[in-house]
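Please open the model in your viewer, with the sequence panel beside it, and keep a selection tool at hand. The stops below say what to select next and what is to be found there.

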Amino acid sequence: MGNIKIWGQNWEKEEKTRYNFLRIFKLQNKQIGTIYLSYIANSEIVENKDTDFKILSMIYEYSQKKIDLFIIAEQEKQKSPFNQGYKTIVELLDEFPKTIQEKQERILYLMYLINPQLGGIIFLSPVIPQELYCKNFDELNFLLSIMIKKKIVFSFNNLDFAIVKSKTGENNKLKLRILENGWLYLDEKHKHENSKQVFIAMSFSENLERIGEMISKTVSNLEFDPLIIKDKQHNNEISGEILFEIKRSHFLIADVTEHKKGVYFEAGFAMGLGIPVIWCCKADDLDNTHFDTRQYNYVVWNDEKELEEKLKDRILGTILL
């Protein structure tokens, strides 16, 4: 065990170890969270106040989501496919909210993660700006004041007084509650997380008919409701129906075997909504996958049995954590 200072914060550092092909060490900060940092990525870190707080914000977000975060170098990223917890610094910065509206939405969601109980009290102690995507206490005060005026959240403290005390380094507790407007937004924005439906996007060719049946069976065995759009009875325009059903799905399985453009479109639409996508492809067709999707961790299969086993493991490992 030792100590290291990165991004303006002190971290407890565990002895070096290996994880898969990576040389990494584990960093822990009681306020921000835990990360796994590769030796190469660590050697490339350049301190910058304009970006350090963004990295800390994303580490805190991953910690609240209970996702192990591995920060690695770009050259390591190219060696093997990774799951959602493997990120480069550039990718982390790209995930940081870009607008004032996005920051408010993400702050609200973080509050929900801290206490998902309706009417529950949310304590932030001590208050640090990086927990809520803010560079400094003035920005934190500004954003929370907006959310209070909109009646999205309620503060039991005098916000100005609490922020002033936090600036002096006092261990001050900020006591908040999400109000009805906040819960209504969360219900709409994240309703897919409570859905049991799984949208299956794939080619409808006869060659893959049994694969579609097997995917549906695997999903059903895990107590989800599979939906292949060709099997749904409706009188509506098909494109609108597809988008409607994706919006109300918990996650999407995209088997791109045969590389139908619609499958890529449906997967991209789901990703844009923040809906998880599990990418699948038959091994002998993997080299033909679209370039923009090759960085994702595909479920690669040779036959029905292999896909069934791998798909089940992927759902259990990434959706039903």
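## First stop: the parallel sheet

Begin by selecting Cys280 and Val299, since Cys280 stands opposite Val299 in strand β15. Cys280 belongs to the stretch 277-282, which is strand β14, and 3 bridges join β14 to β15, the two running parallel. Here two strands pair if DSSP finds at least two bridges between them, while helices (H or I, at least four residues) and strands (E, at least two) are DSSP runs, numbered from the N terminus.

Before going further, please note that this is a predicted model, in which local features need pLDDT of at least 70 and side-chain atom pairs count only at pLDDT 80 or more, whereas totals for chains, interfaces and linings use all residues. Residues are numbered from 1 along each chain as its sequence is written, and side-chain values use heavy atoms, with hydrogens and water left out.

Now widen the selection to the sheet, an open one of 5 strands in the order β12-β11-β13-β14-β15, with parallel pairing. At its edges are β12 (225-227) and β15 (299-301), each of which pairs on one side only. Neighbouring strands of this sheet are turned by 20° against each other on average, direction ignored; axes are lines fitted to C-alpha atoms, for helices over the stretch in contact, and angles run from 0 to 180 degrees between N-to-C directions.

Add helix α9 (residues 209-221), which packs on the sheet and touches β11 (197-201), β12, β13 (251-255) and β15, its direction making about 155° with that of β12; contact means heavy atoms within 4.5 Å. Then add helix α12 (residues 304-318), which also packs on the sheet, touching β13, β14 and β15, with a direction at about 170° to that of β15.

## Second stop: Phe199

Stay with the sheet and select Phe199, which lies in strand β11. Is Phe199 buried or exposed? Phe199 is buried, because its relative accessible area is 1%, and buried means under 20% relative accessible area, exposed over 50%, partly exposed in between (1.4 Å probe, protein chains only). Leaving aside residues up to four places away in sequence, Phe199 touches several residues, including Leu227, Ile229, Ile242, Phe251 and Glu266. Glu245 is another of the residues touched, and although Phe199 and Glu245 are 46 residues apart in sequence, their C-alpha atoms are 7.2 Å apart in space.

## Third stop: the antiparallel sheet

Next select the open sheet of 3 strands in the order β8-β10-β9, where the pairing is antiparallel. Its edge strands are β8 and β9, each pairing on one side only, and the twist averages 30° from one strand to the next. Helix α5 packs on this sheet, touching β8, β9 and β10, and its direction makes about 100° with that of β10.

Strand β10 (residues 174-178) has a covered face of Leu174, Leu176 and Ile178, and an uncovered one of Lys175 and Arg177. Strand β8 (residues 121-124) pairs with β10 over 4 bridges, with Ile121 opposite Arg177. Strand β9 (residues 153-155) is joined to β10 by 3 bridges, and there Phe154 stands opposite Arg177, while Val153 stands opposite Ile178.

## Fourth stop: two crossing helices

Select helix α5 (residues 100-114) together with helix α6 (residues 137-149), whose axes come within 11 Å and cross at roughly 80°. That makes α5 roughly perpendicular to α6, where angles under 35 degrees count as roughly parallel, over 145 as roughly antiparallel, 65 to 115 as roughly perpendicular and the rest as oblique. Among the residues that make the contact are Ile107, Leu108 and Met111 of α5 and Phe142, Leu143 and Ile146 of α6.

## Last stop: helix α2 and the whole chain

Select helix α2 (residues 49-64), whose 16 residues reach 23 Å from the first C-alpha to the last, close to the 22 Å expected at 1.5 Å a residue; the expected span is 1.5 Å times one less than the number of residues. Its buried residues include Phe53, Leu56, Ile59 and Tyr60, and α2 is followed by Lys66, whose phi is positive, near 60°.

Finally, show the whole protein chain, which has 12 helices and 15 strands, and of whose 321 residues 45% count as buried.
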